[in-house]
Amino acid sequence: MPLTEYRKKRRFEVTSEPSGEQLPPGKTAKALRYVIQKHRASHLHYDFRLEWNDVLLSWAVPKGPSLDPSVKRLAAQVEDHPLDYADFEGAIPAGEYGGGTVMVWDKGTWSPEVPDVDEALNNGELKFRLNGKKLKGSWVLVRIRGFGRSERPSWLLIKHRDPFASKRDMTGEEPRSAISNRTLAEIARDGGGDVARAATGDPPAG
Ligand code: MN
């Protein structure tokens with residue numbers, strides 16, 4: 001690893017110098033998409049998605065992300081989604097899979113903090129940086145169970161200590177869409193969905 005010493009001397013969460021992450025042969029540097037979709041389905045959850053190998057790797061996070069490094073949020077890995085799903089915001093008809101209301105809660109790009117993403121995923125520990133409208137800085141996904149073929153893998157989503165860590169309640173303080181500024185209820189209304197049910201995922205009107 002010729003860049004080991006270079007990297008060891010720098011804290012890339014603080015400096016804007018390049019970390020020199022290696023790219024697969026033939027691939028050019030391209031920003032990888034990141035999105036979190038707030039989804040009022042049978043249960044409210046946050047779908048965390050990272051672009052990798054032309055799909056969106058996806059995890060359902062029941063409580064949503066926390067900026068507090070002492071808080072570990074369960075993230076159940078779900079099926080890969082197509083890349084253009086990152087732009088989906090609207091109502092899914094009742095009775096259909098995932099029926100309910102979907103909001104693009106945060107959107108931006110991500111970059112790995114490991115030299116080999118596939119290896120990190122296989123090993124169950126992926127370190128990465130988010131550059132979203134709401135979430136930024138260094139995070140980690142750690143697999144806790146379900147490795148193998150039968151069970152759906154469970155991971156923990158954890159904020160690393162860096163200047164973006166805080167005790168702020170982001171999901172509570174910034175409940176609106178990152179692309180349309182709408183609430184879940186407004187998205188449901190515009191999409192012909194169940195407004196009252198969607199509203200149960202919004203903060204109480206004050
Ligand atoms: Mn979902």
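In this predicted model, Ile36 stands opposite Asp106 in strand 6. That pairing belongs to a chain of five helices and nine strands, of whose 206 residues 45% count as buried. A manganese ion is held by three protein donors, His39, His45 and Asp47. The points below treat the confidence of the model, the strand pairing, the metal site, the surroundings of Arg49 and His81, and selected loop residues.

**Confidence and overall organisation**

- The mean pLDDT of the chain is 90, and 90% of the residues reach a score of at least 70.
- Among the elements of the chain, strand 7 has the highest mean pLDDT, at 98, whereas helix 1 (residues 4–8) has the lowest, at 75.
- Where pLDDT is low, the predicted coordinates should not be read in detail.
- The order of elements along the sequence is α-β-β-β-β-β-β-α-β-β-β-α-α-α.
- Of the contacts in the chain with a separation of 6 or more, 52% are between residues 24 or more positions apart.
- The exposed area of the chain is about 11200 Å², and carbon and sulfur atoms supply 52% of that area.

**Strand pairing around strand 6**

- Strand 6 (residues 100–112) pairs with strand 1 (residues 32–40) in the antiparallel sense, over nine bridges.
- Strand 5 (residues 90–92) also pairs with strand 6 in the antiparallel sense, over three bridges; here Ile92 stands opposite Gly100.
- A further antiparallel pairing joins strand 6 to strand 7 (residues 125–132) over five bridges, and Phe128 in strand 7 is the bridge partner of Pro112.

**The manganese site**

- The donor atoms are ND1 of His39, NE2 of His45 and OD of Asp47, and these lie 2.1 to 2.3 Å from the manganese ion.
- Along the chain, the donors follow the spacing H-x5-H-x1-D.
- Both histidine donors, His39 and His45, are buried.

**Arg49 and its surroundings**

- Arg49 is found in strand 2 (residues 44–52).
- Arg49 counts as buried because its relative accessibility is 2%, under the 20% limit for that class.
- The side chain of Arg49 makes a polar contact of 3.4 Å with the side chain of His81.
- Beyond its neighbours within four places in sequence, Arg49 is in contact with Arg33, Tyr34, Val35, Gln37, Leu56, Leu57, Ser58, His81 and Tyr85.

**His81 and its surroundings**

- His81 lies in strand 4 (residues 72–81).
- With a relative accessibility of 11%, His81 also counts as buried.
- In addition to the polar contact of 3.4 Å with the side chain of Arg49, the side chain of His81 reaches the backbone oxygen of Glu79 at 2.8 Å.
- Not counting residues up to four places away in sequence, His81 touches Arg49, Val55, Leu56 and Ser58.
- The C-alpha atoms of His81 and Glu51 are 9.2 Å apart in space, while the two residues are 30 residues apart in sequence.

**Loop residues with positive phi**

- Most residues other than glycine have a negative phi.
- Asp54 has a positive phi, near 70°, and its place is in the loop between strand 2 and strand 3 (55–61).
- Asp54 counts as exposed because its relative accessibility is 54%, over the 50% limit for that class.
- Asn181 likewise has a positive phi, near 60°; this residue is found in the loop between helix 3 (170–173) and helix 4 (184–190).

**Ser166 in the loop before helix 3**

- Ser166 is found in the loop between strand 9 (154–159) and helix 3.
- At 24% relative accessibility, Ser166 counts as partly exposed, since the value falls between the limits of 20% and 50%.
- Ser166 and Pro69 are 97 residues apart in sequence, yet their C-alpha atoms are 7.9 Å apart in space.
- Leaving aside neighbours within four places in sequence, Ser166 is in contact with Leu67 and Asp68.

Definitions and conventions. Residues numbered from 1 in each chain as written. Predicted model: local features only at pLDDT ≥ 70, side-chain atom pairs only at ≥ 80, totals over all residues. Heavy atoms only, no water. Donors = N, O, S within 2.8 Å, 3.2 Å for Na, K, Ca; no water. Buried < 20%, exposed > 50% of the residue type's maximum accessible area, 1.4 Å probe, protein only. Helix = DSSP H or I, 4+ residues; strand = E, 2+ residues; numbered from the N terminus. Polar contact = N/O pair within 3.5 Å; in protein donor to acceptor, adjacent residues only side chain to side chain. Contact = heavy atoms within 4.5 Å. Pairing = 2+ DSSP bridges. Areas by Shrake-Rupley, 256 points an atom, 1.4 Å probe, with all protein chains shown as cover. pLDDT = per-residue confidence, 0-100.
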